[in-house]
Structures are given as structure tokens and as C-alpha cells.
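These are my notebook entries on one protein model. I set down what I looked up, entry by entry.

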Amino acid sequence: MAEGTEGGLTYLVTARPDSWELALEDVRAADPGARLGEAVGPGLFLVSSCREPASLAYALRRQGPFVRHLFPVAQWVAGAPALAALAAAAEAAAAPLDAQKPVAVQVRALVPGLAADVRAAIEGALAAGGWVPTRGDAPQVLSVVVGASASWVGASAALHNLSPAAGGIITFAHPATRVSRAAGKLLEAFWVFDLPWPSAGRALDVGAAPGGWTQVLLARGLDVVAVDPAALDARVARHPKLTHWRGTVQTYTARPPDGAFSLIVNDMRVDAAETARLMGPLADRLDTAGVGVVTLKLHPARRRRQMRAALDHLALAFRILGCRQLYHNRSEVTVALAKRGPPPSPEGVH
Ligand SMILES: C[S@@+](CC[C@H](N)C(=O)[O-])C[C@H]1O[C@@H](n2cnc3c(N)ncnc32)[C@H](O)[C@@H]1O
């Protein structure tokens, strides 16, 4: 059985290493009775909670931005990693999973060089036991974290893990033609928040230079207005669907509106309060079904306070769909936004 904490269920929680204390605060806000267990690795710790996985995930999705990923631990395997013991633990942990649906096997080896062998052993054990292991996304996940002197195994609904990737660690191919690695931040936001990509229409990219996000938006077939006083990379600058407003967002917003956008994204390098303040006037330019993605840059010593203040400000103009510290975020969080609905009509209020 799970060990390392006392009482309740044991969860293995992942956060950015420099955010793990904020992540623990998030878990404690969701369950004041939660107790910290062993630290398993950088940004990885065990915590006990009486909340069930569905209810804990629901609470953390709403207000737990610094927890990147978690899973309930069903089996704890002591000692140096041994394939037979891990395969047996995985088979035992998988018992509650639905054999009719595929199971994503997610292995994180803290000991280099072991992941492939552990995965193969576990996939073999699951297949022999009648489950359908897969390397792709699946509605249920068998999670394994392999450490030097202990390993942890759990089974859960993918939705309850907060991220579809093991530990929330997701990387994207970075072809030589890609303008910047920042593209991964936008791609991850769409994936983690499950946002719909507009199939056509216009996107506004605020703080766009050198053009990593703009390049992604253009590749999606969108017409892009990129707002930034700095130059855009030559690989996007002459794209026929691009308009570069070579100035600040303040000067852009001061002009008469030039139409609505199905997507507004903002990765400006200014502090979170300023980003939230400058987003307000853009809310009217978002289509009714449009979405927004905004990064909030946080001072390392005031992250929680700055984030809360900025979210309160954003909520005056937008509906907040989610806020998380993603794998691609450093000292920042990413916020997903939608258009605020109209206020209820007087007849609708009872
Ligand atoms: C982190 S970079 C954006 C990277 C971009 N998302 C990409 O993928 O290449 C931040 C940008 O914000 C821009 N910026 C800072 N203040 C701004 C403002 N007031 N209006 C518009 N852009 C601003 C900077 O010039 C800088 O190019």
C-alpha cells in the first residue's frame, strides 16, 4: 500500500521545483487536513488528503495553479527499481481500471536510463492481465514514478491528474524553422486548458516579438495582428496574413477598433498588474465565442499576491477559464480567458 504519509489517500504531486511550497499551499487550501509526506525529488512530493481524486482535482483546477500534476498512489515499492516488482505493483494498481478502455502508461524515472525498460515491463503485465495499454492519450492513466530507493504507482482518470502528460511535462518538436521556443507555451496552454483552435478568423498577439506565438497562429491559418514595438523575426515578418503594429499595446488600444478577434493572446514582458490592466480595454474586441491566453509575469517573492490581484482585475473584463503554472512557464502563470456573458436580464432574475 501507499506509504510516506499518514491517513487518507496519498497523492504524488508535481510542481515546478521553485514553486513546490506554493503547490503545497494550494493542496492545503483545497483540504486543510492535508499533510505533507516525503519529498520524492525536485518539485515532487507526497501528500495525504481525505479528498477523493475527483473532488481534489476539481478544487485544484479552480484554485490550485501551482500544482502541475498529481495522481493517487495505490502501490509503494520499496528498494532499488526491480522490473518484476514494478510490473506486479502496476497490475495490482490497475485493478479498478476499465479493461474496455485504453490505459495510458506514464513512467517517470528519476533514475536515468530506466524508463523504457520499466514501461515495457508494465505494458507487458497490463496486456497479459487483459488491459489495453497505450502510449497515446487515454481516459485512464497508470502512473509510475521510479526513484532510486522507492517507486510509486497509481491508477486514475486522466482528468483527475490535472494534466494529460506525466508530471505535466510536455515538450513540442522544435524545428529549425520555428522562431522561438516560446511557441511551446502557447501550444501547451491550448492543450492543458482544452481550448478550441479557431479554424479561421483573426488573432491579436500582444507582446508578439520575436514572433514565436505569431508563427503558430499564422500556421493555423489565422490573420494575425501582432502588437510590439520590437521587430519580428524575418521568418514571419513578411507573411501575407500578418499586420505588425509596431508600437505598444497602449498606442494600439488608443486607436479606433479595427474589428473583432476570435483569439487574443498576450505574452508581454511587463508585470502581472500591468498585463491585467492593459487587457481590460481589449475585452470588447473578443468575439462572443472567442478565447484568450495571457501570461502573468510574477515577482519571485510576491507570486501569490500578484497573481490574485491580476486575476481579480482580469475577472472584471473576462470570464476566467483557468490559471495554471505550465511546464513552459518560468516565473509566471498562464491564464485562459473567454468573453464575459451579458448580465442577466431583469426577467431572468428571480
Ligand atoms: C517574452 S517577449 C514575447 C515573446 C513572444 N510571445 C514570442 O513567442 O516570440 C515579450 C515582448 O513584450 C513586448 N512588450 C513589452 N511591453 C509592451 C507593451 N507595452 N506593448 C506591446 N509589447 C510590449 C516586448 O517588446 C517583448 O517583445
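Before turning to the helices I fixed one term: I call a residue buried if 20 or more other C-beta atoms lie within 10 Å of its own, and exposed if 12 or fewer do. I also note that the model is predicted.

**Entry 1. Helix H2**

I looked up helix H2, residues 53–63, and found Pro-53, Leu-56, Ala-57 and Leu-60 buried. These residues cover an arc of only 100° around the axis, which puts them on the same side of H2. I recalled that an α-helix has 3.6 residues a turn, so residues three or four places apart point the same way. Ala-54, Arg-62 and Gln-63 are exposed on the other side of H2. What covers the buried residues of H2? I listed helix H1 (20–30) and the strands S3 (44–49), S4 (69–73) and S9 (150–157) among the covering elements.

**Entry 2. Helix H3 and the core**

In helix H3, residues 83–93, I found the buried residues to be Leu-86, Ala-87, Ala-89, Ala-90 and Ala-93. They line one face of the helix, because their directions fall within an arc of 165° when H3 is seen down its axis. Strand S5 (75–78), helix H4 (115–128), strand S8 (140–146) and S9 are what the buried residues of H3 pack against.

I then followed Ala-90. Beyond its neighbours within four places in sequence, Ala-90 is in contact with Ile-122, Ala-125, Leu-126, Leu-142, Val-144 and Val-153. The largest nonpolar core has 52 residues, and Ala-90 is listed among those with the most contacts inside it, together with Leu-12, Val-13, Ile-122, Leu-142 and Val-144. A second core, separate from that one, has 49 residues, including Ala-183, Val-294, Leu-326 and Leu-337.

For contrast with the core I checked Ala-128, which lies in helix H4. Is Ala-128 buried or exposed? I count Ala-128 as exposed, because it has 10 C-beta neighbours inside 10 Å. Its C-alpha atom is 9.4 Å from that of Glu-91, with the two positions 37 residues apart along the chain.

**Entry 3. Domains**

The domain assignment gives domain 1 as 9–168 and domain 2 as 183–339. I noted 32 Å between the centres of the two domains, taken over C-alpha atoms. How many residues of each domain are in contact with the other? Nine residues of domain 1 are in contact with 10 residues of domain 2. The side of domain 1 that touches domain 2 has three nonpolar, three polar and three charged residues.

I next looked up Arg-178, which lies in the loop between S9 and helix H5 (183–192). I class Arg-178 as partly exposed, because it has 19 C-beta neighbours inside 10 Å. Leaving out neighbours within four places in sequence, I found Arg-178 in contact with Ala-183 and Gln-215. Arg-178 and Gly-212 are 34 residues apart in sequence, and their C-alpha atoms are 7.0 Å apart in space.

**Entry 4. The ligand shell**

Which residues come nearest to the ligand? Of the 21 residues around the ligand, I recorded Ala-182, Gly-207, Ala-209, Gly-212 and Asp-267 as nearest. Helix H6 (212–219) and helix H8 (249–254) each supply at least two residues of this shell. By class, I noted 12 nonpolar, six polar and three charged residues in the shell.

Ala-209, one of the nearest residues to the ligand, is joined to Pro-210 by a cis peptide bond with omega of about 5°. I placed Pro-210 in the loop between strand S10 (202–206) and H6.

**Entry 5. Backbone exceptions**

As a reference, I noted that most residues other than glycine have a negative phi, and most peptide bonds are trans. Leu-162, not a glycine, has a positive phi of about 75°. Leu-162 is in the loop between S9 and H5. I class Leu-162 as buried, because 21 other C-beta atoms lie within 10 Å.

Asp-194, also not a glycine, has a positive phi of about 55°. I found Asp-194 in the loop between H5 and S10. Asp-194 counts as exposed, because it has 11 C-beta neighbours inside 10 Å.

Note on methods. Residues numbered from 1 in each chain as written. Predicted model: local features only at pLDDT ≥ 70, side-chain atom pairs only at ≥ 80, totals over all residues. Core = buried A, V, L, I, M, F, W, Y, C linked by C-beta atoms within 7 Å. Contact = placed C-beta atoms within 7 Å. Domains from an automatic or database assignment. Nonpolar A, V, L, I, M, F, W, Y, C, P; charged D, E, K, R; others polar. Helix = DSSP H or I, 4+ residues; strand = E, 2+ residues; numbered from the N terminus. Arc of directions from axis to C-beta. Near = placed C-beta within 6 Å.
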